[in-house]
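Q: Hey, got a minute to go through this structure with me? I'd like to start with the charged pairs and then look at the overall build.

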Amino acid sequence: MKTPRLLRNGIAVAGLVLILLYVFISVISFFWLPFDPLAMDAKQILQSPSFSTGHVFGTDEFGRDILSRIMKGTSVSFIISISATSLGAVIGIFMGVWAGYLGGKADNIIMRFADILFSFPSLLLAIFIMAILGEHTYNVVLAIGIVYIPQFARISRGAIIALKGNEFIRAAKSNGAGRSYILVHHLLPNITAPLIVQISLSLSTAILLESALSFLGLGVQPPNPSWGNMLSSARKVMMFAPWTAVYPGLAIVLLVLGFNLLGDGLRDMLDPRLRNVR
Amino acid sequence: MGKYIFKRLLSLIPVLIGVSLIVFFLVRMIPGSALQMYMGTQVEATPEQMEELKRLFGEDKPIPILYIEWVGNLLHGDFGYSLRTGRPVLPDILNRLPISLELTLYSLILALLIGIPLGVLSSLHQNTFGDFLNRVVGLIGLSLPQFWLAALMVIAFSNSSGWIPMGNYISFFEAPLKNLKMFFLPSLAIGFGFAAVVMRYTRNSMLEVLQMDYIRTAKAKGLRYRNVIIIHALKNAILPVITVTGFNAGYLLGGSIVIEEVFALPGMGRLALYAINQRDYPVIQAIVLVIATLFVVVNLVTDLIYALADPRIRLIEEKR
């Protein structure tokens, strides 16, 4: 059997392996955790990492096991980044595809709206939306999703415009195919490549955005563990208990790195212009 | 060029109107009015006093009128009053703006100083171990949360005096060297990820340019290697780097919000977070508006620099 192209790309494979490792951890966390991630233990406050106590990554200022909290936080990160990216992608692609396909006035209105959303730095926009909606996990998804709308709209619009003039689209039209039919059967399948790359990179940015929001106290609320709010509470104690800050941060870096590697590998693979460059 | 600048300046107007609309209406989506929040549950007021307060808070008119009045006030430099301190918002923002701007600019310069040379080196030694290492470190740089890097810096440098600001801010005009030292780590924390972006763009763009015929010609003419790389290749390869720098200046400005919090620097970001915690919406509204406007202006300046650097763009735009 021929190896799929994705697996021949070393960078993408490295990314995929990292992501699968996290998926595995996240699945396990539903069935088994070394300790209860919410259980406080006054006798175990700020224990340094050690195998003999069983607290491999140490404990936090409430005596909670850091490894268990990181494991629990894995699913939180996955759920938020996947839902936020899906939200932004669905709305953004819908807007971008119609704008690109219809052209004219509709295009102008939709894209000006996207431009305006684009005039806010993404973290600022997310913080602003959180300030308005209030601190809640659902709102984190909504805030990051809104930030992503213009990005997906721009990419899909560009791809549709590049595609629209092609002969096979005109052929479909002269065969009597309707607008929606052409969109679904001819245009959408042909713009998946840039969108897949964007989705992979968006998943990584979503994890960073969520952790930044939670770090600022605007995202996932304690006592529920998220990597960002673990770092936030670590700030008070990290000078004498650095492990409280080091491990949750590492958890973020490795998963984000996984998505970035996958995105890079996919781009190498799917974007023929870059293939010769690298 | 003059015509081009004028056209681009004109295109700012609808974008800024859109930004102000979004800021204005999003803030109005908050449940409960500013007046209710101000009053809390403890204060009682007679109907006449309520009318007066409503007028003061501008809640006695329909929303479109309020928007127009608000924009009119903005144009006169009146950004509203803080619900907590009662002070006008604008002076507070202008006091803190220099800190956030210095962080942004400093981190931008650091990122370019790190990213461009490394990108050029990587492209000249393509597919060597050094290139590989560079790219891996670059990808890790992209994956680091800025605030985590900042926290690690605080842990590592807390004993070295002068590197961590922690509450004793010194302005650049008081003591330039002390200020630059104090801002170095925060700026590095903000700019590190962007240095990776710059490195990757410079590398890819250099690799493309180095394949061009005119580079071979320049080499064949016997020009000095260093001159070919710097004058002939880099000058053209830098164009995409300029664009990505402009787009990311806003991202650096956003990053400064979080980093100011970690290093306890009294910039706009800290003011914003404080205002969010206090539900001080006029302050939040004004800060978001100021940062978004800065961001739009930076993007415009990027376009102009781009047009200056590449005459082709200027010509196309002027013909349109």
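Q: How many salt bridges are there over all chains?
A: A search of the whole structure turns up 14. Keep in mind that this is a predicted model.

Q: OK, take A:Arg69. What does its side chain pair with in a salt bridge?
A: With A:Asp60, at 3.7 Å from N to O.

Q: Is A:Arg69 buried or exposed?
A: Buried, with a relative accessible area of 3%. Its partner A:Asp60 counts as buried too, at 6%. The cut-off for buried is under 20%, so both qualify.

Q: Which residues are linked in a network with that pair?
A: A:Arg64 joins in: A:Asp60, A:Arg64 and A:Arg69 are linked by salt bridges.

Q: Switching spots. What does A:Arg112 meet in a salt bridge?
A: The side chain of A:Asp115, at 3.1 Å from N to O.

Q: Where do A:Arg112 and A:Asp115 lie?
A: Both are in helix H4 of chain A, which covers residues 104-118. They are three residues apart, or about one turn of the helix.

Q: And how accessible are A:Arg112 and A:Asp115?
A: A:Arg112 is partly exposed at 42% relative accessibility. A:Asp115 also counts as partly exposed, at 21%. Buried means under 20%, so A:Asp115 falls outside that class.

Q: Which arginine besides that one should I look at around A:Asp115?
A: A:Arg154, whose side chain meets A:Asp115 in a salt bridge at 2.7 Å, N to O. A:Arg154 lies in helix H6 (residues 137-164) and A:Asp115 in helix H4, so the pair ties together parts of chain A that are 39 residues apart in sequence. A:Arg154 is partly exposed, at 33%.

Q: Now chain B. How many helices and strands does it have?
A: 13 helices and zero strands. Read from the N terminus, each element in the run is an α.

Q: What size of box do its C-alpha atoms fill?
A: Roughly 90 × 60 × 35 Å along the principal axes.

Q: How much of chain B is buried?
A: 46% of its 320 residues. The chain exposes about 16,500 Å², and carbon and sulfur atoms supply 66% of that.

Q: What about contacts between residues 24 or more positions apart?
A: Those make up 75% of the chain B contacts with a separation of 6 or more.

Q: Last one: how many charges of each sign does chain B have?
A: 27 positive and 21 negative, and the mean positions of the two sets are 15 Å apart.

Methods
Residues numbered from 1 in each chain as written. Chains lettered and ligands numbered in written order. Predicted model: local features only at pLDDT ≥ 70, side-chain atom pairs only at ≥ 80, totals over all residues. Heavy atoms only, no water. Helix = DSSP H or I, 4+ residues; strand = E, 2+ residues; numbered from the N terminus. Buried < 20%, exposed > 50% of the residue type's maximum accessible area, 1.4 Å probe, protein only. Contact = heavy atoms within 4.5 Å. Areas by Shrake-Rupley, 256 points an atom, 1.4 Å probe, with all protein chains shown as cover. Lys, Arg positive; Asp, Glu negative; His and termini not counted. Charge placed at Lys NZ, Arg CZ, Asp CG, Glu CD. Salt bridge = Lys/Arg side-chain N within 4 Å of Asp/Glu carboxyl O.
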